[in-house]
Amino acid sequence: MVEPALIKAAQAGDRDALVSLLREIEHQVYRTAYYLLNHEQDALDAAQEALIRVYTKIGSYEEKAQFRTWVQRIVTNICIDKFRRKRPSVSIDEHELVFHSRDDVEGEVMLAYAAEEIREAIGKLPDHHRTVVVLRYLQDFSYNEIAESLDLPLNTVKSYLYRARQQLQVLLQDFQKGGVRG
Amino acid sequence: MNCQEVMELIQRHVDDDLNERETSLMQDHVGQCPDCKALLDRLVRLSEGLAQLPRVEPPYSLVDALLPNLDKYEAEALAEETATMPSNRRRAASRRRVWIARISSVTAVCVIVAIFAVNGSIFDQMGSRSKEQLASKQESANSEVFFAADASSGSAELRATDQFGHPPVEGSAQQKSPDASVSNKEGASGSKSNQGYEMDTGTDDGMGMNALGGRSAAPDGPSVMEFANASGEAISPDGAWRAVLVEGVLILYAAEDGQTAFRHDPSPGTISNLVWREDSGALDYTYTDEGGRSTAQSLLVPEMKISMR
């Protein structure tokens, strides 16, 4: 949790405070970018751009919103806008996946999903569903914080999250069966 | 409970969003429905997997990488923000700036009116008075533009100067021609003329004339007159219209009442080179699109239509 005093000092023009602020949020910014874009270099670029934007727009942050939801809004916007243009989204059907094939495990105890598989599956989700999942699980945002960050109604947030999880579990079932179903 | 309804309960359960009653409803159904049981298991497992995703960190410090260039980014961001401001914000910003420009042009007119209203013998007194006022003004903004009233052989002339009485540097406001100001006079009189600029006219001890400070209301903006004039402004030959370019947005005012007659926001392209036709039937200008290609266009008046040339 970032100290309100640090934010105020940064807004008042204390450059050192502003740099300290950036250091405090650096990881959370990168983390979101990484899971949204599924690509390390893109994530580094997006995270840097987000930090610059926080730096230059610190004056526009208003206390009525939580600082971290404001920061996450900036990084999610950058990721959705800029990089969707750069990298066309790959539809679920077209993407070719190589996974270790597993035996059909119907009736047996299912193994936990591998992080790698989950990450890939998240990358298959539509932008807004993906963003909700990342904020929920990588940033531990509540429904309300997600709603504030993405400027969405609460019900929409829930419905995106449920839909996303439903899609993810279907995708992961397919992965575990050794490939993407057409 | 049917499976459809239970699906929602299961999702909410994963978020600890169920009360006791709802939880037992769900458990009851799931106890009897293998499909829903399987779904519950998968979703719980998924949620755990999601919660355990690695908290990745950047391979190097992003802030360290940014530090050498932070000032440069700030300047770039400011430039970009102005160019790409969404049209409603830009409209509000340009509206505010145009409003300020109008106030200052009105005030400029008041000065001229005041000058004409006073006897020639007072001009010298007025001239030196305003220079005194100029010298005593302590303005921090280095882009301030002042108008020093200069009397020479009975004709009043407004000269744009900075706070030291020097002519403004290149790029800042150019003085409107007296003709143009006169045509504004008709439109200006009676409209907002008392926005913090005090004009004393007709007092016996001479003109309480203020050197005009071209001050923008927004603390971050450059001198107001720079906006009104350096961006581009053109009065139609018949004096009926005043075309103003503010940050690439073309606005046409009726000179008579100052009403906005037409507004064209060509973003992301820009407009430049305003030139009125002699018959005042059209305003020619250059439209440059975001790729840098320029075309000649015209605004037909009074139809208020844009046509290509």
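## A salt bridge within chain B

In this predicted model, the side chains of B:Arg242 and B:Glu233 come together in a salt bridge, with 2.9 Å from N to O. The two partners differ in their surroundings, since B:Arg242 is buried, at a relative accessible area of 8%, whereas B:Glu233 is partly exposed, at 22%. Side chains of opposite charge can pair when their charged atoms come close. Over all chains, a search of the whole structure finds 17 salt bridges, and several others are taken up below.

## Chain A: fold and confidence

Chain A is built from eight helices and zero strands, so that, read along the sequence, its pattern is α-α-α-α-α-α-α-α. Of its 182 residues, 48% count as buried, and among the contacts in chain A with a separation of 6 or more, 67% are accounted for by residues 24 or more positions apart.

The mean pLDDT of chain A is 84, and 80% of its residues reach 70 or more. Confidence is not even along the chain, however: over residues 91-109 of chain A the pLDDT stays under 50, and for this stretch the model has 24 contacts beyond four places in sequence. Those contacts belong to a segment whose pLDDT is under 50, and they are reported here with that value attached.

## An enclosed helix and a long-range pair in chain A

Helix H6 of chain A, residues 127-137, is largely enclosed by the rest of the structure, because 10 of its 11 residues are buried. The buried residues of H6(A) include the charged or polar side chains A:Asp127, A:His129, A:Arg130, A:Thr131 and A:Arg136, and also A:Val132, A:Val133, A:Val134, A:Leu135 and A:Tyr137.

Elsewhere in chain A, A:Glu145 forms a salt bridge with A:Arg68, the closest N and O atoms being 3.0 Å apart. This pair links distant parts of the chain, for A:Glu145 lies in helix H7 (residues 143-150) and A:Arg68 in helix H4 (residues 67-86), 77 residues apart. A:Glu145 counts as buried because its relative accessibility, 13%, falls under the 20% limit, while A:Arg68, at 27%, counts as partly exposed.

## The interface between chain B and chain A

The contact between the two chains takes 37 residues from chain B and 41 residues from chain A. The area buried between them is about 3700 Å², of which carbon and sulfur atoms give 64%. Across this interface there are 16 residue pairs in polar contact, counting those with both residues at pLDDT 80 or more. On the side of chain B that touches chain A, helices H1 (3-14), H3 (34-51), H4 (62-66) and H5 (70-84) of chain B each supply at least two residues. H3(B) gives the most, with nine residues, and the residues of this side as a whole divide into 21 nonpolar, four polar and 12 charged.

## Salt bridges between the chains

Between chain B and chain A the count is five salt bridges. In one salt bridge, B:Asp15 pairs with A:Arg165, with the closest N and O atoms 2.8 Å apart. In another, the side chains of A:Arg23 and B:Asp64 meet at 2.8 Å, N to O, and this pair crosses from helix H2 (residues 15-37) of chain A to helix H4 of chain B. Both ends of that pair are partly exposed, A:Arg23 with a relative accessible area of 38% and B:Asp64 with 44%. In addition, A:Lys158, B:Arg12, B:Asp17 and B:Glu22 are linked in a network of salt bridges.

## Two aspartates with positive phi

Most residues other than glycine have a negative phi. A:Asp151 has a phi near 55°, a positive value in a residue other than glycine, and its place is in the loop between H7 and helix H8 (154-176) of chain A. At 58% relative accessibility, A:Asp151 counts as exposed.

In chain B, B:Asp16 likewise has a positive phi of about 55° although it is not a glycine. B:Asp16 is found in the loop between H1 and helix H2 (20-32) of chain B, and B:Asp16 is exposed, with a relative accessible area of 71%.

Conventions: Residues are numbered from 1 along each chain as its sequence is written. Chains are lettered from A and ligands numbered from 1 in the order in which they are written. Side-chain values use heavy atoms; hydrogens and water are left out. pLDDT is the predictor's confidence in each residue, from 0 to 100. Contact means heavy atoms within 4.5 Å. Buried means under 20% relative accessible area, exposed over 50%, partly exposed in between (1.4 Å probe, protein chains only). Helices (H or I, at least four residues) and strands (E, at least two) are DSSP runs, numbered from the N terminus. Buried area is the accessible area (1.4 Å probe) that two parts lose on being put together, summed over both. A salt bridge is a side-chain nitrogen of Lys or Arg within 4 Å of a carboxyl oxygen of Asp or Glu. A polar contact is a pair of N or O atoms within 3.5 Å; within protein, one must be able to donate a hydrogen and the other to accept it, and residues adjacent in sequence count only if both atoms are side-chain atoms.
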